[in-house]
Amino acid sequence: MNDLIECAIDAATGSGAAYADVRIVEHQAESLTVKNGSLAAASSERSAGFAVRVLVDGAWGFASSQDLDRDASQRVARHAVAIARASRLAGGPAVALDDTPPAAGHWSTPYVEDPFAVSLEEKLRILFEADAAMARARGITLREATMEAARERKLFGSSEGARLEQDLVSCGAGIVATAVNDQETQERSYPKSLGGQVVGGGFEAIRDMDLSGHGQRIAEEAVALLDAPQCPSGEMTVILEASQVAIQVHESCGHPTELDRALGMEASFAGTSFLTVDRLDRFRYGSDIVNIDADATAPGGLGTFGWDDEGVSAQNVPLVSGGQFVGYLTSRETAPVINRRSMGSSRAASWRNLPLIRMTNVSLRPGEAGSLDDLIADTDEGILLGTNRSWSIDERRLNFQFGTQVGWLIRKGKLAGMVRNPTYTGITPRFWGSCDAICGPGAWTQWGEPYCGKGEPMQTASVGHGAAPARFRNVQVGVGQW
Amino acid sequence: MVGRDVAAAALARLEPGYEGEASIIQRHAALTRFAGSRIHQNVAEEDATLRVRIRHNGRTGVAVTNRLSPAGLEEVVARAALIAAHAAAEADPPPLAEPPGESVDSDLGWIEATAAADPGARAAGARTVIDAGVACGLTASGAFSTEAQQRSVVNTGGLVASHRVTQAKLVTVMHGPAGETGYAQSISTDLSKIDAEAVGEEAAEWTARAADPTDLAPGEYPVVLGEYAVAEILEYLAFMAFSGLAIEEGRACVELGQPAFGSNVTIWDDGQDPAGVPTAIDFEGVTKQRVDLISQGLARQTAHDGATAHRAGVPRTGHGLPAPNTFGPLCWNLFMAAGDTPRSSLTQGVERGLLVTRFHYVNIVHPKKGILTGMTRDGTFLIENGAVAGPVRNLRFTQSIPDAFSRISAIAAESRLVGADYTGIVSRVPAVRIDGWNFTGATANEANV
């Protein structure tokens, strides 16, 4: 494989590329779904290929192929150069990369139990037990238990001399119970919705989830939601459970701090950002207790690695510090615009794709509000919102609206009844400015979001978000006509 | 490499007594992306992915590879068989798709010039759009893509089917000096039908009209939805209303045989219609059937894959996704019937309402009630006394689509082909006027945040 890297780099530079990098990826994935007591899906995927990225006269070209041989490496490299020459036809300033020094080395995801070494029977046992637990709830309509694992071997080389090898492992699982009647469909998920909880690590994480131990509870909650009162409308105090804080961070901090968005490079698709470059270091994003960082070194994170796909080493950098906007997610092309060196967040979803600025593990640092129970006890009146159900935010990342699977009214420091179809909406900096409590390290979880879409052609990336439950004041809840 | 031969070669490796299906997607795709009036990303990819589904004694396994050498085929079949050997048996698994009588070998929608498009052609299109913006003092962003794809499916029941198709798509968002934006898109199987100059002019015109937006209080307003906005709503109806699995599980926002929308609404799916971007077969090799989803407001038919059709006891309609599929069938060739109102007259009769060109980040709030939320984007305009009065800041909606589509008071006589951003669904739709649309919020004036 290393020969192929050298061959492609030689072909690219020999054809006129001033810079070239080559990435070879072998990807392996497995997924299982048990639905309503039957194995609904069992699949194993393998894919391998390579990509060549070049700069010619300050313009980018990129080509990829599944054909892992010397002839293909030269052909694809020359194709990338031809594409770069076409890029010059539109004009514009030349691309200049930052001065990140080329690195060499090997990095592997730490884990205890290789998810691919666990037998299929054992994985199915866990899923069928979880399914049976959900089935114990009277009135449940649909049950689904899922499990996935992925392994990626990645080789990277550049014409600057970088030579890197990485072995990345991730796995995850989740359960969802759905109750349906004539008017309603209600879901409850565990540990979270949107594909369950996925970690950068081994099968020990799935064993720790205790899916069957939560199956009956979530199924009973889904059934109870059918007859729960509709979430009230109005301005109120909101506590978000940790996984909902994670998706709130994802949409309202992670994406707007992507420097390519702020520079307009995603304008035609995912949109831009209200966190414009002139606001760096001089914009109040949230309250004093809001601290958000991008940590590609976080244990267990889906956005944890040794180097990004430009060969920049994993780092932990602040994005919001004491409520002030202080940093961006950057790449080697974009970082010089703000007079910085890349902090290493340029990643491709597969060997087919061009690296883009992607979140690493963008996390809200824990606060001092203790446990979730402590925070509820400290809240006179409000609503606790748990487990994401829907999400939407404008193209500048200002106006957002989220729905959650369940709401619990809070009265005098105690939960006072379940409500269904809760939604809340706000404007990003006002919302984070209203954050007056964040639970402590004991309530903090490193969540994985495996389905983050961005770019054209669209790439689906795995990213991480550490979060603890947090409280927000004067939030508009119960949106729309029900 | 002939895809159906590779798929057949994989199935030839099955043990006696096994049944199976092999599908292969061969794809050459390229995309030239521009922003800030320069090409900043320019990519090409080639791949062929083989998917093998094996069943033995009611146990099913699926394995996928892009290693298509003899050794790769041996390996993927062995991997699928291993999964099947350990899988739990299904009591009543759906049968493999039956062969249609003779093999299907369709090139409906295949245009050689699109398949052969080079980076120079895409760059020239990008340059044309950029120039259209520059001429108006605007900055252009967008993407020009070309793709050639062949889908081939073979199964042990004798089915042999393949379809190859091409697609070219050009989109742009233009930005004005104060941040105002406008959008345009063109999509076709035929690269020569992509008029980059027209795309640039359309986006530039909307951008110019969107300058200096004012605030508008949220509330219920009559709306005129442009084709891009209508197409996005249909995209979500594909999930919420038109899926046989959603119907089967009681999650759908329509009920078969019951009125779903107003009697002036007719929607169907037709993968064989060259007025769209055809998909002649699905991922199970089934020839796509026209499905009359909504006929004069009535929920008449639904899309099926092998599994939902088997459980419902009805024929497949050719809407299966790649195995193993727990998502259910999907319509991705949607058509909405045009009306008789000239597009330019849709705003007439609206005393005070809104013209929405495009939505952004739409999502399902409540599937059974058909409630969506999302933002407007790239041009939202106040209508007063039947005419466009001026731009307003982007608004958020939270709206039941069955309610809204029961209040469509005019449908444009013209329709337009629109490609979805995220799902690949392509719809041919008209613009519509709806007598009430619930706007529940507005974005902020950035100077005040």
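Strand E1 of chain B, residues 19-35, is mostly covered, with twelve of its 17 residues buried. Keep in mind as you look around that this is a predicted model. E1(B) has a partner in strand E2 (residues 38-56) of chain B, and the two pair in the antiparallel sense over 17 bridges. To find your place along this pairing, look for Ala22(B), which stands opposite Val52(B) in E2(B). E1(B) and E2(B) form a hairpin with two residues between them. In its turn sits Gly36(B), whose phi is positive, at about 60 degrees.

E1(B) also pairs with strand E5 (residues 139-155) of chain B, again in the antiparallel sense, here over 14 bridges. A useful landmark for this pairing is Arg33(B), which stands opposite Ala143(B) in E5(B). As a reminder, strands of a sheet pair through backbone hydrogen bonds, either parallel or antiparallel.

Now let us turn to where the two chains meet. On chain A, 73 residues are in contact with 78 residues of chain B. The element that gives the most to chain A's side is strand E2 (residues 38-56) of chain A, with twelve residues. By class, the residues on the side of chain A that touches chain B divide into 32 nonpolar, 30 polar and eleven charged. E2(A) also pairs across the chains: together with strand E3 (residues 59-65) of chain B, E2(A) makes three bridges in the parallel sense. Here you can look for Ser43(A), which stands opposite Val62(B) in E3(B).

Helices meet across the chains as well. Helix H2 (residues 70-87) of chain A packs with helix H4 (residues 119-135) of chain B at an angle of about 20 degrees, and their axes are 9 Å apart. An angle under 35 degrees counts as roughly parallel, and H2(A) and H4(B) are therefore roughly parallel to each other. Their crossing is right-handed. From H2(A), the contact is made by Ala82(A), Ile83(A), Ala86(A) and Ser87(A), while H4(B) supplies Pro119(B), Gly120(B) and Ala123(B). Sorted by class, the residues of this contact are five nonpolar, two polar and no charged.

Within chain A there is another helix pair to visit. Helix H3 (residues 120-135) of chain A and helix H5 (residues 211-226) of chain A have their axes 7 Å apart and pack at an angle of about 25 degrees. That angle makes H3(A) roughly parallel to H5(A). The crossing of H3(A) and H5(A) is right-handed. On the H3(A) side you will find Ile126(A), Glu129(A), Ala130(A), Ala133(A) and Met134(A), which meet Leu211(A), Ser212(A), Gly215(A), Gln216(A) and Ala219(A) in H5(A). By class, the contact of H3(A) with H5(A) has six nonpolar, three polar and one charged residues.

Next, find Phe203(A), in the loop between strand E8 (197-199) and helix H4 (204-209) of chain A. Is this residue buried or exposed? Phe203(A) is buried, because 23 other C-beta atoms lie within 10 Å and 20 or more is what counts as buried. Phe203(A) also links distant parts of the sequence: Glu113(A) is 90 residues away in sequence, yet the two are 5.2 Å apart in space, C-alpha to C-alpha. Leaving aside neighbours within four places in sequence, Phe203(A) is in contact with Glu113(A), Pro115(A), Val118(A) and Cys171(A).

Our last stop is an open sheet of four strands in chain A, with the order E12-E11-E10-E15 and antiparallel pairing. E12 and strand E15 (362-364) of chain A stand at the edges, each with a single partner strand, so one side of each is left without a neighbour in the sheet. Helix H6 (residues 242-254) of chain A packs on this sheet, touching E10, E11 and E15 of chain A, and its direction makes about 120 degrees with that of E15(A).

Inside the sheet, strand E10 (residues 292-295) of chain A is joined to strand E11 (residues 316-321) of chain A by four bridges, and these strands run antiparallel. Ala294(A) stands opposite Val317(A) in E11(A). E11(A) is in turn joined to strand E12 (residues 324-325) of chain A by two bridges, also running antiparallel. Ser321(A) has Gln324(A) in E12(A) as its bridge partner. E11(A) and E12(A) form a hairpin with two residues between them, and Gly322(A) in the turn has a positive phi of about 60 degrees.

Terms used:
Residues are numbered from 1 along each chain as its sequence is written. Chains are lettered from A and ligands numbered from 1 in the order in which they are written. This is a predicted model: local features need pLDDT of at least 70, side-chain atom pairs count only at pLDDT 80 or more; totals for chains, interfaces and linings use all residues. Axes are lines fitted to C-alpha atoms, for helices over the stretch in contact, and angles run from 0 to 180 degrees between N-to-C directions. Angles under 35 degrees count as roughly parallel, over 145 as roughly antiparallel, 65 to 115 as roughly perpendicular and the rest as oblique. A crossing is left-handed if the near helix is turned anticlockwise from the far one by less than a right angle, and right-handed if clockwise. Two residues are in contact if their C-beta atoms, placed from the backbone, lie within 7 Å. Ala, Val, Leu, Ile, Met, Phe, Trp, Tyr, Cys and Pro count as nonpolar, Asp, Glu, Lys and Arg as charged, and the others, Gly among them, as polar. Two strands pair if DSSP finds at least two bridges between them.
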